[in-house]
Amino acid sequence: MNRCAWLLSRLPARPGPALRHAGVVSAVFRSLGRLRQPSRAAASSERNGVRAPDTSLFVPLSLKPLGPRPEGDIGAELTQPLNKSEVLKILNKFYKRKELQRLGGENGLDARLFHQAFISFRKYIMESSSLSADVHIILNDICCGAGHVDDLFPFFLRHAKQIFPMLDCMDDLRKISDLRLPPNWYPEARAIQRKIIFHSGPTNSGKTYHAIQRYLAAKSGIYCGPLKLLAHEIFQKSNDANVPCDLVTGEERVLVDPGGKQAAHVACTVEMCSVNTPYEVAVIDEIQMIRDPARGWAWTRALLGLCAEEVHVCGEAAAIDLVTELMYSTGEEVEVRNYKRLTPITVLDYALESLDHLRPGDCIVCFSKNDIYSVSRQIEARGLECAVIYGSLPPGTKLAQANKFNDPDDPCKILVATDAIGMGLNLSIKRIIFNSLIKPNMNEKGEKEMDTITTSQALQISGRAGRYSSVFKEGEITTMHRDDLVLLKEILNKPVLPIETAGLHPTAEQIEMFAYHLPDATLSNLIDIFVSLSQVDGLYFVCNVDDFKFLADMIQHIPLNLRARYVFCTAPINKKQPFVCTSLLKFARQFSKNEPLTFDWVCRHTHWPLIPPKNIKDLIHLEAVHDVFDLYLWLSYRFMDMFPDASLVRDIQKELDNIIQTGVHNIIRLIRASEATSVSGAIAVPDDFPLQRTKVNDRMLNLEDLPEANRKEFASATTVPGQRRMRGSKVLSSKPTEGSLAATLVRKGLLTQEMLKQLEREWEVHHNNSGNFPSEKIDHQNGSKGTEKKK
């Protein structure tokens with residue numbers, strides 16, 4: 001009786017034709033789930049031209065088939081048990097119905113989602129021991145001929161929304177990911193009328209100097225720079241000028257007031273600027289980095305969000321139009337002040353061609369550690385001392401090397417550096433020498449590419465020569481190789497392309513709102529869906545999130561709340577350093593256990609205390625440990641209770657910095673030790689910097705990687721006179737013949753003479769160790785193979 005009452009309570013007031021046709025029971029359940037008309041959201045999206053989401057990012061949730069119910073199978077009691085073979089035929093017929101596929105599309109199920117949803121629906125129906133009464137009765141009616149296969153659609157759609165929950169909240173997700181009006185995100189900045197002043201000019205033109213003078217004269221101010229070194233420099237300069245100034249970076253907070261009161265001025269890295277604190281003057285340095293595919297969002301946030309009466313923007317002229325357009329959207333005008341370079345700079349008509357021609361004040365610019373080590377070794381072989389600067393060195397070590405090079409009383413007068421010198425260091429350079437013009441770059445998709453440097457990069461690096469504050473009042477630029485000089489002049493003569501878009505990045509709050517609607521999605525998947533649905537106007541782009549997703553996937557298995565997970569994934573680490581990535585993983589695991597990461601725990605993990613490096617591999621490991629300490633300090637300001645020993649970690653980090661400084665000071669000895677201990681004669685460094693290989697189109701090139709024809713051509717570029725032939729090939733020569741593959745690679749800058757010599761040595765060692773001497777030789781007289789006895 002209870003079940004009959006339950007059924008009757010759901011009967012329609014007036015039975016229609018369907019009731020008379022299929023019987024009372026089936027009509028009841030069909031009336032519960034009529035075919036859904038196209039959703040308003042779908043129709044609205046079509047009318048407004050909103051792009052369809054990338055449904056390949058929609059990961060289906062798994063629904064377990066139902067087991068036996070304690071109360072029994074109600075559907076079977078009301079009708080009869082289902083014949084699963086007949087049900088399977090019905091389901092397959094359902095899938096083939098074009099009308100149902102079209103109806104699915106109107107409800108957000110494109111062909112991919114429809115197929116995935118059907119596979120899941122079929123599996124659920126076929127493997128469930130008992131189905132819900134409504135589904136059971138509809139299937140029974142269809143099997144008995146009292147219903148139509150289309151009647152299954154409401155239940156199929158209900159199942160699809162269970163495994164794809166985003167279908168039911170697509171409008172909300174679109175609103176959350178709407179990035180078309182970034183100025184509205186900063187109501188405090190919009191509440192005041194700001195004055196925007198753009199200081200435009202090349203390097204060494206005094207543009208930043210004039211902005212800083214206004215900053216120092218203001219009652220309160222904030223400086224936003226791209227590097228910790230620049231923030232430190234302004235922090236020091238401000239306090240030296242008796243203007244109390246605090247320092248804020250991702251890993252460091254320094255308050256000059258002994259009582260802990262915040263100063264009116266602050267120097268910070270751009271990611272750390274406050275958009276809620278009011279200032280009289282704000283300075284945003286290197287504004288052209290607003291286009292950076294990874295960090296551009298930080299400059300966009302500072303430009304739109306800083307609450308300052310005056311915002312002084314410093315950078316390349318290429319950013320003027322974009323900044324003006326962005327400020328037009330906020331109703332603020334831009335005053336442009338142009339500056340010219342303070343000292344002359346000349347592109348020489350001759351290349352260096354040999355390190356024998358080096359002079360005091362020379363800086364050789366390389367774009368890889370391989371070349372840094374190789375060039376340093378050759379300079380030392382000529383009885384000269386050189387300083388070394390590259391990106392992964394700790395800031396203290398960079399400064400120590402810069403001071404060593406700048407010191408007029410130090411015998412070190414040559415600098416070997418990467419483009420890390422492009423900003424943040426004051427160096428007394430007379431002549432910039434480009435060792436190569438090929439540099440690995442990240443494209444907008446986050447892919448690494450080998451390409452010639454851009455005009456902007458060339459100007460930024462070249463501008464370090466002959467700076468106004470150095471002993472050299474005129475600068476010079478040239479290349480190491482003659483062929484590169486023509487290309488360099490072409491690059492420098494090209495106009496710098498205007499910057500057209502500014503970077504944006506989803507915030508933690510936006511991702512949390514996404515997670516509210518999609519609670520079962522992974523953080524990496526949430527980011528993917530956000531970017532797919534995001535709408536930006538023509539002035540903006542969404543920054544690359546590959547590094548974020550890499551860390552999200554790495555720690556996905558660790559139980560963390562969403563906010564903590566998001567913070568860990570924004571940690572500024574190099575994902576190519578396995579030791580640093582492993583450390584982040586261990587930090588997250590310890591954090592998830594609610595166990596504080598103490599000083600002793602960190603020392604055990606890093607095997608502190610550490611000894612001075614014996615070779616290059618040791619040095620690179622110490623640099624990685626320094627990055628792990630940086631990671632600890634970075635997290636300590638976000639989770640103070642869980643990372644309680646920041647001061648102790650900072651102390652040992654300073655000790656480690658001194659150890660690294662000593663290692664870099666003796667880098668030639670480390671290179672020699674590496675060469676001596678390496679079996680192949682190559683320096684023993686991690687795969688990030690394999691000296692025994694060369695890169696072509698972002699992949700490591702070994703001789704065995706080459707096609708057979710090219711391998712023979714490469715190997716037999718020139719036979720060294722008097723050298724015995726090796727099995728199957730000739731020995732390598734560091735003087736490749738014109739037109740050979742080796743010569744082509746050298747000409748394009750993908751292979752240097754030093755690399756070629758290295759390959760020659762490795763080729764000889766490899767064959768001497770493995771093959772000894774050939775057992776076969778060609779009988780050139782009769783074309784047959786003869787056998788030569790092994791010695």
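Helices and strands here are DSSP runs, numbered from the N terminus. The model is a predicted one.

**Stop 1: the second largest pocket**

Select Thr203, Asn204, Ser205, Lys207 and Arg467, the lining residues that lie nearest the centre of the second largest pocket. The volume of this pocket is about 1,100 Å³, and 45 residues line it. By type, the lining residues divide into 18 nonpolar, 18 polar and 9 charged.

Next, colour the elements that each supply at least two residues of this lining: helix H13 (207–217), helix H14 (228–240), strand E9 (345–347), helix H19 (455–462) and helix H20 (482–493). Which of them gives the most to the lining? It is H13, with 5 residues.

**Stop 2: helix H20**

Stay with H20, one of the elements just coloured. Put a distance between its end C-alpha atoms: they are 18 Å apart. At 1.5 Å a residue, the 12 residues of H20 should span 16 Å, so the two values agree.

Now select Asp484, Leu485, Leu488, Ile491 and Leu492, the buried residues of H20. They cover an arc of only 125° around the axis, which means that they sit on the same side of H20. An α-helix has 3.6 residues a turn, so residues three or four places apart point the same way.

Turn to the other side of H20, where Asp483, Val486 and Asn493 are exposed. What covers the buried residues of H20? Show E9, strand E13 (431–434), H19 and strand E16 (475–479), which are among the covering elements. Two of these names, E9 and H19, were also coloured at the pocket, where each supplies at least two lining residues.

**Stop 3: isoleucine 438**

Go to strand E14 (residues 438–442), where isoleucine 438 has its place. Is this residue buried or exposed? Isoleucine 438 has a relative accessible area of 14%; buried means under 20%, so isoleucine 438 is buried. Add isoleucine 453 to the selection: the two isoleucines are 15 residues apart in sequence, and their C-alpha atoms are 6.1 Å apart in space.

**Stop 4: glutamate 251**

Finish in the loop between strand E3 (245–248) and strand E4 (253–254), where glutamate 251 lies. Glutamate 251 is buried, with a relative accessible area of 11%. Which residues is glutamate 251 in contact with, leaving aside its neighbours within four places in sequence? Select Lys228, Pro572, Asp630, Leu633, Trp634, Tyr637 and Arg650 to show these contacts of glutamate 251.

Methods
Residues are numbered from 1 along each chain as its sequence is written. This is a predicted model: local features need pLDDT of at least 70, side-chain atom pairs count only at pLDDT 80 or more; totals for chains, interfaces and linings use all residues. Side-chain values use heavy atoms; hydrogens and water are left out. On a 1 Å grid over the protein atoms alone, a cavity is a set of points where a 1.4 Å probe fits but cannot get out, and a pocket is an open set with protein on both sides within 12 Å along at least five of seven lines; lining residues have an atom within 4 Å of a point. Grid points are joined across faces, edges and corners, and a volume is the space filled by probe spheres set on the points. Helices (H or I, at least four residues) and strands (E, at least two) are DSSP runs, numbered from the N terminus. Ala, Val, Leu, Ile, Met, Phe, Trp, Tyr, Cys and Pro count as nonpolar, Asp, Glu, Lys and Arg as charged, and the others, Gly among them, as polar. Buried means under 20% relative accessible area, exposed over 50%, partly exposed in between (1.4 Å probe, protein chains only). Contact means heavy atoms within 4.5 Å. The expected span of a helix is 1.5 Å times one less than its number of residues. The arc is that of the directions from the helix axis to the C-beta atoms.
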